[in-house]
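Thanks for coming, everyone. Please have a look at the structure before I start talking.

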Amino acid sequence: MSKSMRENMELLVFEDDLSIVNMLKVFFERHKYNVRSSTTVSGGLSLLADKKPDIIIMDWMLPDRSGIEAIRQIRREQRFDAIPIIMLTAKSSEDDTIMGLNSGADDYVAKPFSSKELLARVQANLRRVPTAKEKYRVDGLEVDVESHKVCIDESEINLGPIEFKLLHFFIARQEKVFSREQLLDSVWGGNVYLDDRTVDVHIRRLRAKLEPYGYENYIKTVRGSGYIFSKPRLNATH
């Protein structure tokens, strides 16, 4: 069963309007989510540190700090970098939406909102998270999702957040071709508007990190289609 279809997913809500908090708890618990909440950024970050959630809903205007600041702090910690974050706020202008997404949010929902639409957005964002599997290994290459580490032949290599997300996405979906558009949507998020060539730049950076260990060819370019993660085939001997 895919991660997004499991029951008892952990939802963490940063929201100071208690009527909204209570409504979200009732609605999402009815759909088999475990909901924790805080009316402040500091309280929410404490809950986050106590237990890693599957997804976060973040208000913008909170009493101690802004939701934007909270998202930026969360994104600075690698162990939380892949958690989907949906902003839920009364600030609904185009500039506000762009600022929210650029701060590290994966999606943006303006108040007043539909509970059913919010649930659909939560499910859609969870589908972008690869799988619940914590470790992937292909030959000497190992990706540890929980600790956010990549090792090759027991030597740890340092990857940036996007490079890690790309490698995690690929290694969880081996032997499948993905277009640049699909990678942008799955790794960066569907509401982030970037040029397709952004994917090429980060693929080059990822390959450069893998090259000293001989693993750069595991990520192949498929002309006219996109990219695929595939083990190199040995040349036939005669």
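I'll go through confidence, two sheets, two backbone details and one pocket.

First, a caution. This is a predicted model. The protein chain averages a pLDDT of 87, and 91% of the residues score at least 70. Now look at the start of the chain. Over residues 1-5, pLDDT stays under 50. For that stretch the model has 9 contacts beyond four places in sequence.

On to the parallel sheet. Five strands make an open sheet, and the pairing is parallel. Read across, the order is E2-E1-E3-E4-E5. Which strands sit at the edges? They are E2, residues 33-38, and E5, residues 107-110, and each pairs on one side only. From one strand to the next, the twist averages 20 degrees.

Zoom in on E1, residues 9-14. E1 and E2 run parallel, joined by 6 bridges. Leu12 is a good place to look, with Arg36 in E2 as its bridge partner. Then there is helix H1, residues 18-30, which packs on this sheet. H1 touches E1, E2, E3 (55-58) and E4 (85-89). The direction of H1 makes about 165 degrees with that of E2.

Next, the antiparallel sheet. Here 4 strands form an open sheet, paired antiparallel, in the order E6-E7-E8-E9. E6 (135-138) and E9 (155-157) stand at the edges, each with a single partner strand, so one side of each has no neighbour in the sheet. Neighbouring strands of this sheet are turned by 25 degrees against each other on average, direction ignored.

Inside that sheet, take E7 and E8. E7 covers residues 141-144, E8 covers residues 149-152, and 4 bridges join the two. Glu142 stands opposite Cys151 in E8. What lies across E6, E7 and E8? That is helix H6, running at about 110 degrees to E7.

Now the backbone details. Most residues other than glycine have a negative phi, and most peptide bonds are trans. We have an exception to each. His148 has a positive phi, near 60 degrees, and is not a glycine. You'll find His148 in the loop between E7 and E8. The other is the peptide bond from Lys111 to Pro112, which is cis, with omega near -5 degrees. Pro112 is in the loop between E5 and helix H5, residues 115-127.

Last stop, the second largest pocket. Its volume is about 290 Å³. How many residues line this pocket? The count is 16, and Leu101, Gly104, Ile162, Lys165 and Trp188 lie nearest the centre. By type, the lining has 8 nonpolar, 3 polar and 5 charged residues.

Where does the lining come from? Helices H3 (67-75), H4 (94-102), H6 (161-171) and H7 (180-188) each supply at least two residues. H6 gives the largest share, 3 residues. So keep H6 in view: the helix that lies across E6, E7 and E8 also contributes to this pocket lining.

That's the tour. Over to you.

Notes:
Residues are numbered from 1 along each chain as its sequence is written. This is a predicted model: local features need pLDDT of at least 70, side-chain atom pairs count only at pLDDT 80 or more; totals for chains, interfaces and linings use all residues. Side-chain values use heavy atoms; hydrogens and water are left out. On a 1 Å grid over the protein atoms alone, a cavity is a set of points where a 1.4 Å probe fits but cannot get out, and a pocket is an open set with protein on both sides within 12 Å along at least five of seven lines; lining residues have an atom within 4 Å of a point. Grid points are joined across faces, edges and corners, and a volume is the space filled by probe spheres set on the points. Ala, Val, Leu, Ile, Met, Phe, Trp, Tyr, Cys and Pro count as nonpolar, Asp, Glu, Lys and Arg as charged, and the others, Gly among them, as polar. pLDDT is the predictor's confidence in each residue, from 0 to 100. Contact means heavy atoms within 4.5 Å. Two strands pair if DSSP finds at least two bridges between them. Axes are lines fitted to C-alpha atoms, for helices over the stretch in contact, and angles run from 0 to 180 degrees between N-to-C directions.
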